[in-house]
Amino acid sequence: MTQRGTLGVAVIGTGRMGADHVRRISEVISGARVAAVVDVDAERAKNVASGVEGCTAYTEPDAAMAAADVDAVLIASPGPAHESALLAAFERDLPLLCEKPLTPDAASALRVLEAEQRLGHRRVQVGFMRRYDAEYVKLKALLDSGQLGRPLMLHNRHRNASSPPGFTDAMLINDSVVHEMDVTRWLLGQEITAVTVLRPTPSDVAPEGLADPQFVVLETDGGALVDVEIFVNCGFGYQVQAEAVCERGTARIGDGHAMVTNAAGRWGGTIAQDFVERFEEAYDREVQAWVDATRRGEVTGPSIWDGYAAAAVCEAGVRAQTEGRRTEVELIERPALYR
Ligand code: NAD
Ligand code: ISE
């Protein structure tokens with residue numbers, strides 16, 4: 001850290017999320033600066049670095065982590081590249097914010113969890129940003145207050161206007177429904193024990209090879225039932241909604257009713273078009289919370305345990321999807337570091 005205590009961050013991966021996090025750290029939040037960016041695409045890294053004073057572009061994560069002005073690492077490369085970047089940062093005992101998914105499967109997530117345990121202290125906040133969304137935070141507080149009694153069911157809708165090229169059935173679970181895996185565990189304070197995936201006849205506008213939409217059912221160790229409609233080519237916009245059904249009432253978020261207009265004989269509002277717009281403030285809070293905690297020498301927020309547990313549920317989900325049957329989740333016992 002510099003003398004003023006500003007955190008020097010290396011951002012690994014300068015695509016959609018990485019470039020947005022660079023902007024966020026440079027222009028929105030406080031206490032940090034982007035000291036380095038890394039991308040296997042050297043031109044992209046250079047372009048992003050050129051817009052930030054004092055930022056150096058690299059193509060190798062390790063070279064950036066070795067730089068004297070780098071105090072912490074934000075990983076925003078694709079999921080399969082996370083493990084090696086995490087392990088390289090552990091070698092230098094650097095604090096990390098790692099975009100979801102922690103890693104693409106449970107075995108690699110477990111390797112990372114074991115490596116952090118060998119360090120003997122937490123180093124990683126996982127980028128499950130919905131935990132920082134104002135509406136989700138309100139829902140969690142209400143459920144925790146017990147006012148509505150025990151949550152019995154949670155209904156979720158997760159819709160994207162369109163999926164990126166090459167999006168697969170497995171990515172539907174690992175990249176998209178992984179968010180519901182995490183918010184379910186967090187909102188209910190329960191582990192997910194089994195997954196079933198059902199599919200209607202796919203939409204005619206779904207890309208070739210992608211069965212879209214799908215319907216995922218989760219069972220929890222507290223006896224709750226959770227469903228997720230995942231529809232990544234709905235066409236009309238980006239919607240994330242959740243409704244908790246409890247013993248004495250229900251609570252629903254994500255209707256996007258911030259402003260309703262009445263004009264020309266109609267009422268209505270607008271629908272966000274993507275996650276960057278819908279969750280803008282959540283990403284800001286997430287990254288600010290990471291910077292603040294890191295400057296205090298603490299690690300807060302979703303842990304590697306949460307990343308591993310979500311990966312284990314996703315693995316069961318992909319098996320349920322391919323084998324067409326209810327699949328139980330296999331989880332190791334929660335280590336003391338994460339209790
Ligand atoms: P992207 O494809 O737009 O960008 C990825 C970038 O990483 C590219 O520039 C690519 O060249 C670079 N890259 C690839 N391999 C690399 C490596 N080994 N080292 C360094 N750079 C490498 O992807 P994206 O949409 O920005 O997603 C990045 C991460 O953010 C993923 O983990 C994704 O799941 C996550 N994500 C999170 C959210 C959210 O809502 N929290 C939304 C979208 C994406
Ligand atoms: C993407 O990777 C995200 O994380 C978004 O939040 C999610 O809505 C989208 O479906 C994923 O592809």
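Here is a chat about a predicted model of a protein chain, its two assigned domains and a few local details.

Student: Okay, where do I start? Which stretches make up domain 1 and domain 2?

Tutor: The domain assignment gives 7-130 plus 281-302 for domain 1, and 134-278 plus 310-338 for domain 2. Keep in mind that the model is predicted.

Student: How far apart are the C-alpha centres of domain 1 and domain 2?

Tutor: Those two centres are 26 Å apart. The domains do touch: 23 residues of domain 1 are in contact with 22 residues of domain 2.

Student: And what area do domain 1 and domain 2 bury between them?

Tutor: About 2,000 Å², with 61% of it on carbon and sulfur atoms. On the domain 1 side, Arg16, Phe128 and Arg130 supply 38% of the area buried against domain 2, more than any other three residues.

Student: How many salt bridges are there between domain 1 and domain 2?

Tutor: The count is two. Arg16 turns up again here, as Asp274 forms a salt bridge with Arg16. Their closest N and O atoms are 2.4 Å apart. As for polar contacts, seven residue pairs make one across the interface of domain 1 and domain 2.

Student: Which helices supply residues to the side of domain 1 that touches domain 2?

Tutor: Helix H1 (16-28), helix H5 (106-119) and helix H9 (280-295) each supply at least two residues. The largest share comes from H5, with seven residues.

Student: What's the mix by class on that side of domain 1?

Tutor: Eleven nonpolar, four polar and eight charged residues.

Student: New topic: cis peptide bonds. Where do I look?

Tutor: One joins Lys100 and Pro101, with omega about -15 degrees. Pro101 sits in the loop between strand E5 (96-99) and H5. Another cis bond runs from Asp212 to Pro213, and its omega is near 5 degrees. Pro213 is in the loop between strand E8 (192-198) and strand E9 (214-220).

Student: Why point those out?

Tutor: Because most peptide bonds are trans. Most residues other than glycine also have a negative phi.

Student: So which residue has a positive phi of about 55 degrees although it is not a glycine?

Tutor: That's Asp93. You'll find Asp93 in the loop between helix H4 (82-91) and E5. Another one is Ala264, with phi near 50 degrees. Ala264 lies in the loop between strand E13 (261-263) and strand E14 (266-268).

Student: Are they buried or exposed?

Tutor: Asp93 counts as partly exposed, because its relative accessibility is 28%. Ala264 is at 80%, so Ala264 is exposed.

Student: You said Asp93 comes after H4. Is H4 itself enclosed or open?

Tutor: H4 is largely enclosed by the rest of the structure, because seven of its ten residues are buried. The buried ones are His82, Glu83, Ala85, Leu86, Ala88, Ala89 and Phe90.

Student: Let's hop to Thr184. Where is it?

Tutor: Thr184 is in helix H7, residues 169-188. Thr184 counts as buried because its relative accessibility is 0%, and the cut-off for buried is under 20%.

Student: Which backbone oxygen lies 2.7 Å from a polar atom of the Thr184 side chain?

Tutor: The backbone oxygen of Glu180.

Student: What else is Thr184 in contact with, leaving aside neighbours within four places in sequence?

Tutor: Leu154, Gly189, Ile192, Leu218, Thr220 and Val226.

Student: Last one, Gly301. Where does that sit?

Tutor: Gly301 is in the loop between H9 and helix H10 (304-323). Its relative accessible area is 34%, so Gly301 is partly exposed.

Student: What does Gly301 touch, not counting residues up to four places away in sequence?

Tutor: Arg122, Gln125 and Tyr132.

Student: And what separates the C-alpha atoms of Gly301 and Val22?

Tutor: They are separated by 20 Å, and the two residues are 279 residues apart along the chain.

Student: Nice, I'll go and find these in the structure.

Key
Residues are numbered from 1 along each chain as its sequence is written. Chains are lettered from A and ligands numbered from 1 in the order in which they are written. This is a predicted model: local features need pLDDT of at least 70, side-chain atom pairs count only at pLDDT 80 or more; totals for chains, interfaces and linings use all residues. Side-chain values use heavy atoms; hydrogens and water are left out. Domain bounds come from an automatic or database domain assignment. Contact means heavy atoms within 4.5 Å. Buried area is the accessible area (1.4 Å probe) that two parts lose on being put together, summed over both. A salt bridge is a side-chain nitrogen of Lys or Arg within 4 Å of a carboxyl oxygen of Asp or Glu. A polar contact is a pair of N or O atoms within 3.5 Å; within protein, one must be able to donate a hydrogen and the other to accept it, and residues adjacent in sequence count only if both atoms are side-chain atoms. Helices (H or I, at least four residues) and strands (E, at least two) are DSSP runs, numbered from the N terminus. Ala, Val, Leu, Ile, Met, Phe, Trp, Tyr, Cys and Pro count as nonpolar, Asp, Glu, Lys and Arg as charged, and the others, Gly among them, as polar. Buried means under 20% relative accessible area, exposed over 50%, partly exposed in between (1.4 Å probe, protein chains only).
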